[in-house]
Amino acid sequence: MQPINLRIVRLAYWLIRLRWYAIIGIVIGFFIAKHFLHIPIWNLPVYISIIFLILLNVISFSVLKYLQKSRIRKSLKFVNRIINFQISTDLIVLTILLHFSGGVENPFIIYYIFHMIIGNIILTTKESFLQTSFALLLVGTMTFLEYSGIIKHYPLEGFIVTNIYNDLTYLLCTGFIFVTTSYFVVYITRTIVKESKRHEISYLQANIKLRQKDKIKNEYVMRITHDIKGHITAIQSCITVLNKKWTGPLNPQQEEFLNRAINRIQILNTFISDLLSITHRKLHQKTEKKYFDLNFSLKEMIKIAENMAHDKNISIIKNIESSINNIYGEQSSIEEVLLNLILNAVKYSPPGNHILISTFNKQDSILIEITDHGMGIPENEIHLIFNEFYRASNAKSQVKDGTGLGLAISKQIVENHGGKIWVKSKLNLGTTFSLLLKKEQ
Amino acid sequence: MNKSKILVVDDDLDLLAATKLFLERNNYEVKTAINTKIGRDNLNTFHPDLIVLDIVMDTNLEGFNFLNDLKSDDKLKNIPVIINTSMSQAIGVNMRSAIEDIDNLPKTRFIDKSGDWEELLKAVTELL
């Protein structure tokens, strides 16, 4: 249940953020009360409270950050304790502030309710009822002590005209309403929170089910594709027998049609291999990763592509940073991505043009850019280019043997490695594919 | 000089026919077997110098069982075997490293079934 666990950490940060707002609120409220409403409030407790809240927030934030880094198993329990401690301290600070600014007569007494709601969202049922009871105990004690004269009452002079802190009937009625409101609020928010947690869990379960269905679908595709491949291999072998003229000479027309068939079979074969490859990668995300020399791989792939580039009189300009060496990943897969991108650049470049391959050594990753000056990708199709089976409208008419799976495979591989792949393109001006690979996993 | 003898075991009749023709064109004597049972019978009568073997036939591992029996038989284990299968793509195992293990499976070669005759011919000439 990882997401639920992460939830409490997220909420712990949320609580810290809320407290910053509260601190700002106290400062503004205090300023307005003092300078606009001219209510005499003793400065010292307010200043101390503000400083205390700031310290509390800074310390809580640091502890949370430390816990997240250390990844200790017990940290979640500890995060929960921090939250409980923070809410209790907030309640005490609020009580102290209220005591020095009119006690039960201060309208901000309603703000206890906020703490109750916040506690409810973050804490367990038992904890939030305990926190609410603690809040009521604090208010009750403060009111009683002020009422009985054990501690001094600090009236809000000029704001509350008559004294009500010592009016028993008022105190009992307000007390009753306050207590019932508090518990009722706790009960209602509890119900809402439970409901939303239930939704969260059912979303998670639906997600798991979807993934299982997807797996079944992929296994099905895999099996069928594999069967088809068997047939294609047999067809290809039989046609080759004729084409190689092992069974006797062919007339030119027979040869022409045989060649047409062979071309189509080759395209189909590539297609099936690509489909098997991408389905396999989706099903088995575990790969055989190790450290390998990325620069070496890139140079090897460029060498392979140079043959094809040479036929089209295309030059490959290399701008490779020599400081790049080992990265962690599956060498053959990364090489497949590199070769695929470079060959694409060659395929879609007009003859006599050049391709630029640049690498940049970033702090913990390596950026590879492959730029061609070919037909480009129409702007409204750029976001579709990594989709399975998608081929840009202008690519289809120029290069017949694409399967629309090459980029989808590349993306799958890069994502399995925790990297990123993206494209920038201008129609008729050219395209740049960028590949960001992490040095470590 | 006598022609070298090759036994091809595969459950695909069309592929068998084409492979037989191809290898015969390259001056080998070829016998084909549609399953490992016929393949086994041929071992004693035909005495092949090399075997081309498919893996997934009636059962998923039929070819492996055949290979296993072959390599555990002292008289037969020195016959070179070329595994010709598209299985690696289906299960995604690096078959080459698993199969070309000199200690466990001497004289065994792996090629990816793809309709590429040159690769097959290269493996045959290297092993014979």
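This is a short tutorial dialogue on reading a predicted two-chain model.

User: Before the details, how many helices and strands does chain A have?

Analyst: Keep in mind that the model is predicted. Chain A has 11 helices and 7 strands. Of its 441 residues, 27% count as buried. Among contacts in chain A between residues at least 6 apart in sequence, 74% join residues at least 24 apart.

User: Now the interior. Which residues have the most contacts inside the largest nonpolar core?

Analyst: A general idea comes first: in soluble globular proteins, nonpolar side chains tend to be buried together. In this model, the largest nonpolar core has 42 residues, and A:I342 and A:I370 are the ones with the most contacts inside it. Several elements of chain A supply at least two residues each, including the helices α6 (168-243), α7 (252-283) and α8 (294-311) and the strands β4 (354-361) and β5 (365-372). The helix α9(A) gives the most, with 7 residues.

User: Which residues is A:I342 in contact with, leaving aside its neighbours within four places in sequence?

Analyst: They are A:M301, A:I302, A:A305, A:I357 and A:I370. A second, separate core has 28 residues, among them B:L15, B:V30, B:A33 and B:V52.

User: Let's turn to helix packing. At roughly what angle do the axes of α8(A) and α9(A) cross?

Analyst: For a helix pair, read the distance, the angle and the handedness together. The axes of α8(A) and α9(A) cross at roughly 35 degrees and come within 9 Å. The crossing of α8(A) past α9(A) is right-handed. On the α8(A) side, the contact includes A:M301, A:I302 and A:A305, while α9(A) contributes A:L338, A:I342 and A:V346, among others. By class, this contact has 13 nonpolar, 2 polar and 1 charged residues.

User: And how does α4(A) pack with α6(A), in terms of angle and axis distance?

Analyst: Helix α4 of chain A, residues 112-122, packs with α6(A) at an angle of about 30 degrees, and their axes are 9 Å apart. Angles under 35 degrees count as roughly parallel, so α4(A) is roughly parallel to α6(A). Here α4(A) passes α6(A) in a right-handed crossing. Residues making the contact include A:Y112, A:M116 and A:N120 of α4(A), together with A:V185, A:T189 and A:R190 of α6(A). Its make-up by class is 8 nonpolar, 3 polar and 1 charged residues.

User: What about the two chains: how many residues does each give to the contact?

Analyst: In general, the size of an interface is often given as the accessible area lost when the parts come together. Here we can count residues instead: the contact takes 16 residues from chain A and 16 residues from chain B. On the side of chain A that touches chain B, α6 and α7 each supply at least two residues. The largest share of that side, 11 residues, comes from α6(A). By class, the side of chain A that touches chain B has 6 nonpolar, 9 polar and 1 charged residues.

User: One last residue: where is B:V56 placed, and why does it count as partly exposed?

Analyst: B:V56 is in the loop between β3 (50-53) and α3 (62-71) of chain B. To judge burial, count the other C-beta atoms within 10 Å: a buried residue needs 20 or more, and an exposed one has 12 or fewer. B:V56 has 19, so it is partly exposed. Sequence separation is worth a look too: B:V56 and B:D10 are 46 residues apart along the chain, and their C-alpha atoms are separated by 8.6 Å.

Conventions
Residues numbered from 1 in each chain as written. Chains lettered and ligands numbered in written order. Predicted model: local features only at pLDDT ≥ 70, side-chain atom pairs only at ≥ 80, totals over all residues. Core = buried A, V, L, I, M, F, W, Y, C linked by C-beta atoms within 7 Å. Helix = DSSP H or I, 4+ residues; strand = E, 2+ residues; numbered from the N terminus. Contact = placed C-beta atoms within 7 Å. Axes fitted to C-alpha atoms, helices over the stretch in contact; angles between N-to-C directions. Left-handed = near helix turned anticlockwise from the far one by under 90°. Nonpolar A, V, L, I, M, F, W, Y, C, P; charged D, E, K, R; others polar. Parallel < 35°, antiparallel > 145°, perpendicular 65-115°, else oblique.
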